[in-house]
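I opened the notebook to look up a few things in this structure. My entries follow below the picture.

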Amino acid sequence: MTVKVSHTAEIQDLFKEASGLNSEQGSPRIKQIMLRIINDAAKIIEDLDISDDEFWKSVDYLNRLGGRNEVGLLVAGLGLEHFLDLLQDAKDAQAGLTGGTPRTIEGPLYVAGAPLAEGEVRMDDGSEPDATVMFLEGVVRDTQGAPVAGAVVDLWHANTQGNYSYFDQSQSAYNLRRRIVTDAEGRYRARSIVPSGYGCAPDGPTQECLDLLGRHGQRPAHIHFFISAPGHRHLTTQINLAGEQYLWDDFAYATRDGLVGDIQFVEDAAAAHDRGVQGSRFAELQFDFQLQKAPAAQAEQRSKRPRALQGA
Ligand code: FE
């Protein structure tokens, strides 16, 4: 028989005290959230008959998860980051804010302050000579189809090993990270390398959890974007590459209709030479974005999620 006591006055008083509700100090908002968290945790322990061993194992797990900086990875893997997008989509629909390129998850691997370029840029530092060169370009438009000049296209992606600069200290600073200001026609252009998909660290706590859920921790190759422009709504999104094994089996649930990049691989020695590529093989990826009008100035900004900063 399951014993339940969390609803009793004695325990509710304990939880209110623990949430600071008997104190004049602190944050009312955090107190409200904490009381809910403690109550829900107590209900889970009672309803699922969580043993002491299970409880302390989960405490140890959270310590290890934070110690490896993988909380941001786990919330993506558990679908919670995608849920935030779906919730925002529903709020937008209710408010009549529709159209434009779909949003999708940011993920935990952005680094602020990447070099800024006008119109066109090379993103890779040349340290992977065997990588396939990728020419990426497109136009940023508004929902009426008019090009948006001066938009900032802030993009980042992994190398051929599936690793991101900054988090992978073997790469140079800001390798495969740039901000491109669109030209008068709303166009951005980048020369980079075709990224690889990646998986959670096999020895990390996120993969440990996924193993217990009977799930893999793999993502298709993809390119992340923040796109912003005055008067337009900030867009956080990704292009996931067509033809990838995990395109529709993404452990982080980031692939969405409208966000699949139709990358084309070209074998043409003359064309490669003309474009300054060694060998005969390269890739082309064209992807246009559409930004919604910003309903308020605040909508032009990305979330205040704490993010890494090079050198910090
Ligand atoms: Fe990523």
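**Metal site**

I looked at the angles around the iron ion first. The four donor atoms subtend angles of 93 to 152 degrees, so the arrangement is irregular. I noted the rule: four donors are tetrahedral if all angles lie between 85 and 135 degrees; four are square planar and six octahedral if opposite donors are over 155 degrees apart and all others between 65 and 115; anything else is irregular.

Which protein atoms are the donors of the iron ion? I found Tyr 164 (OH), Tyr 198 (OH), His 222 (NE2) and His 224 (NE2), lying 2.0 to 2.4 Å from the ion. Donors are N, O and S atoms within 2.8 Å of the metal (3.2 Å for Na, K and Ca); water is not among the atoms, so sites may look incomplete.

I wrote down the spacing of the donor residues in sequence as Y-x33-Y-x23-H-x1-H. Tyr 164 and Tyr 198 link distant parts of the chain, 34 residues apart. Tyr 164 sits in the loop between strand E5 (152–157) and strand E6 (177–181), and Tyr 198 in strand E8 (residues 198–199). Helices (H or I, at least four residues) and strands (E, at least two) are DSSP runs, numbered from the N terminus.

Are these tyrosines buried or exposed? Tyr 164 counts as buried because its relative accessibility is 3%. Tyr 198 is buried too, at 13%. Buried means under 20% relative accessible area, exposed over 50%, partly exposed in between (1.4 Å probe, protein chains only).

**How the model was treated**

This is a predicted model: local features need pLDDT of at least 70, side-chain atom pairs count only at pLDDT 80 or more, and totals for chains, interfaces and linings use all residues. Residues are numbered from 1 along each chain as its sequence is written, and side-chain values use heavy atoms, with hydrogens and water left out.

**Domains**

I checked how the protein chain is divided: domain 1 is 1–50 and domain 2 is 74–309. The bounds come from an automatic or database domain assignment. Taken over C-alpha atoms, the domain centres are 41 Å apart.

**Two more residues**

I found Val 71 in helix H4. Val 71 is partly exposed, with a relative accessible area of 42%.

Asp 274 is in helix H7 (residues 269–274). Asp 274 counts as exposed, at 66% relative accessibility. I also compared Asp 274 with Leu 97: they are 177 residues apart in sequence and 44 Å apart in space, C-alpha to C-alpha.
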